[in-house]
Amino acid sequence: RQHEAPRRVKRAWVIPPISVSENHKRIPHLLVQIKSDKQQPGGVIYSIKGPGVDEEPLGIFSIDKFSGKVFLNAMLDREENDRYRLRAFALDLGGVTLEDPTDLEIIVVDQNDNRPLFRQDVFTGRVVEGAEPGTCVMTVDATDADDPDTDNAALRYSILEQGPAGMFSINATTGEICTARPGLDRETTGVYNLTVQAADMSGDGLATTAMAVIYLEDINDNPPEFTKEEFSMEVEEQAAGVDVGKVFVHDKDLAGSPSWLAKFTILEGDPEGAFAIRTDPHTNDGVLSVVKPLDHEVRDRFELTVSVQNERPLEPSAPGSPRALATVRVRVRDVNEAPVFRENPRRISVLEGTPPGTPITTYTASDPDTHQIQTLTYALLYDPADWLQLEPHAGTVRTKRELLHPSAFLQGGWYIALVLARDDAEPPLSATGTLSIEILEVNDHAPQLQPPAGVLCGRPGRGGTLLLGATDDDRPPHGAPFHFQLSPQHPQLARNWSLARFNVTHAVLAVLAELPEGLYSLPLLLRDSGTPPREQQQLLNISVCHCGRDGACLDGVLAAATAGAGITLGALMIILGSTVLLLVLAALGAARVRGRRRALRKGLLQRSRDDMRDNILNYDEQGGGEEDQDAYDINQLRHPELFAPRAKPPLRRDAPLSSGTPMAPRKLPSSPSDIEDFINEGLEAADSDPSVPPYDTALIYDYEGSGSVASPLSSIVSSLTDEDQDYDYLSEWGPRFRRLADLYG
């Protein structure tokens, strides 16, 4: 089977690319006419599709569907779209395709309608001063929106303006700016402003401009210089850490840069290092200060040689400076200086108990102002124990009173006092000296036996020993070790007793022969180790008791009582005082209990004045009135054993101190027997309640009989008024009429 030959396309239906210039102003403009020869004219319908027709941007191209003419309906911009690709169709009147769709390409031809544009309005570059010619600084660049393949986008660069010196040049093709001549000096011109231009059409077309700013970077090509060769200053003596004055310099380099900052050095005139010089970071001047106190009496003038240089080394090509050195003259002004204690603190030693008025030292100060005639006076600034006195002109210190150990004013055996020295200048100055006095211990106390009494068994080898001790108010080395011995004045004691050393502060007393029970007084001699040693004879009260098998006292009570004979007077007074105090407290307690009982009995008989029941019911038996004789039989109260009470449980009918108060008042009795039952029930209820006093129920009567036919008592003196009657006699009738005495008296 043979392959079919490719179909031959008619030339009228193959459409070559169509070129049209952008910005074409004759609208509509015929671009091309397409046609198909498969039908008679008028029998074909043409159409196109694609961008600019039925796709964005719409309405740029159109076609006459019967003639096949393609028209341009709007101005084109190559920078937006440089070509359009459309599809052309040919159909018969019935809509049947006559030709295969064909491509229709429309190319937009560029015109020089865009100026070049710099990427930024101002370009910035830096170059060090003194740079060699040909040193590149920066590159300026621009763009053109026109077709880069045409001269419309062919750019050329140039410098329009840079000043008369012409120190820079620019590469016309690349836009690179470089130095053109030597002699760039920042101190002369620090900034260069260049106007650069970019033009298309190889420099003959459209053009635009921009600014190129070039800064010269400073180098240390100018040394610092003093503004003058000599500076004069003045400072007070004894001043330290103060500024004396400034030395001024000038530097042409960039202010604030390392090439500008100055560094000062004192070369001569200050061998002891009393001065220092630093740089003021704001003004770059040198600040001279005193670091050690100056003494006018020693040296009153200084002549210093000061040099200056930059922190950054000077460039080799920079010239030298004739003003790199300066002379600074400093005058030391004399002022009043405070006195000085050369020995501070002054330490001395004084024996304990030194008598008043004894000179112990002379503590004086010196006045540094040798060129001024001044007088020093002295005073005690601090003397807590008021122990010293000071001669105001000579400075001699004497004792004012005796100071002994122990004392609250001593610190580790030292007494501290402060001495004030003052001159007579105007204004006066003073100084303080410390006087440390060591109070040397003196052996002025003999050791004391502790305890002064004891108990031991009177049989040798079985508890017949007693441990003795001693104390000494003196401090070491005038105290222990202590020496114990039996009194040499009584050699017979050595036959029955012995003393052996136990340690530096204690000794052991032992019985050598069996002794009868009883009290013994042994004279002992105690001596300390001071210089010279102090000794004292003391009595030791010994109670010898009956010995048991283990060497302990059998009769401890007797031994203790016997040993009590050796109790000191102070201990005895304490025991007696404690006994008296206990007796007084016991008496006070008994009186208080007795008073409480008396108050309780008094309260049962007589209540508060505000309790009307007590005032009415506290009375003796008086019988009934004229009409009470029939209503109440008093014999039931006089002989209660004849009338046995009814067996009823206790019932509280009135309890004001309890919560069980009856809800309603009790019913009044109507017969004598009911009165008896009423009273018995009240008594039984009161006796059965230990928490409520008996009067709370037993003395409350709800019924007292009917009224009396007799006249009231007040009728006796009804003819008298209160002003005519004297009721003072009521207070003499006893406690039962105290209420009436208070009302009428």
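Two strands count as paired if DSSP finds at least two bridges between them. The exercises below apply this to a predicted model.

**Exercise 1. In which sense do β37 and β38 pair, and over how many bridges?**

Solution. Begin with the two strands themselves: β37 and β38, the latter covering residues 506-511, run antiparallel to each other and are joined over 5 bridges. As a single example from this pairing, Ser498 has Ala510 in β38 as its bridge partner. Next, place the pair in its sheet, which is open, has 4 strands in the order β33-β35-β38-β37, and is paired in the antiparallel sense. Because β33 (448-450) and β37 (497-501) each have a single partner strand, they stand at the edges, and one side of each is left without a neighbour in the sheet. Finally, if direction is ignored, neighbouring strands of this sheet are turned against each other by 30° on average.

**Exercise 2. Is Ser436 buried or exposed?**

Solution. First locate the residue: Ser436 belongs to strand β32, which spans residues 430-440. Then compare its relative accessible area with the cut-off, which sets buried at under 20%; since the value for Ser436 is 7%, this residue is buried. Its surroundings can now be listed, leaving aside residues up to four places away in sequence: Ser436 touches Pro345, Arg346, Arg347 and Ile348, as well as Trp414, Tyr415 and Ile416.

**Exercise 3. Which strands hold Glu234 and Arg333, and how many residues apart in sequence are the parts that this pair ties together?**

Solution. Start from the general idea that side chains of opposite charge can pair when their charged atoms come close. In this structure, Glu234 and Arg333 form a salt bridge whose closest N and O atoms are 2.4 Å apart. Since Glu234 lies in strand β18 and Arg333 in strand β25, the pair ties together parts that are 99 residues apart in sequence. Glu234 is partly exposed at 38% relative accessible area, and Arg333 is partly exposed at 28%. The last step is to look beyond the pair, where salt bridges with shared partners join Glu234, Glu236, Arg331 and Arg333 into one network.

**Exercise 4. Which side chain meets that of Arg329 in a salt bridge?**

Solution. The partner is Glu230, with an N to O distance of 2.8 Å. This pair links distant parts of the chain, 99 residues apart, with Arg329 in strand β25 (residues 325-333) and Glu230 in strand β18 (residues 230-236). As for accessibility, Arg329 is partly exposed at 32%, and Glu230 is partly exposed at 46%.

Conventions. Residues are numbered from 1 along each chain as its sequence is written. This is a predicted model: local features need pLDDT of at least 70, side-chain atom pairs count only at pLDDT 80 or more; totals for chains, interfaces and linings use all residues. Side-chain values use heavy atoms; hydrogens and water are left out. Axes are lines fitted to C-alpha atoms, for helices over the stretch in contact, and angles run from 0 to 180 degrees between N-to-C directions. Buried means under 20% relative accessible area, exposed over 50%, partly exposed in between (1.4 Å probe, protein chains only). Contact means heavy atoms within 4.5 Å. A salt bridge is a side-chain nitrogen of Lys or Arg within 4 Å of a carboxyl oxygen of Asp or Glu.
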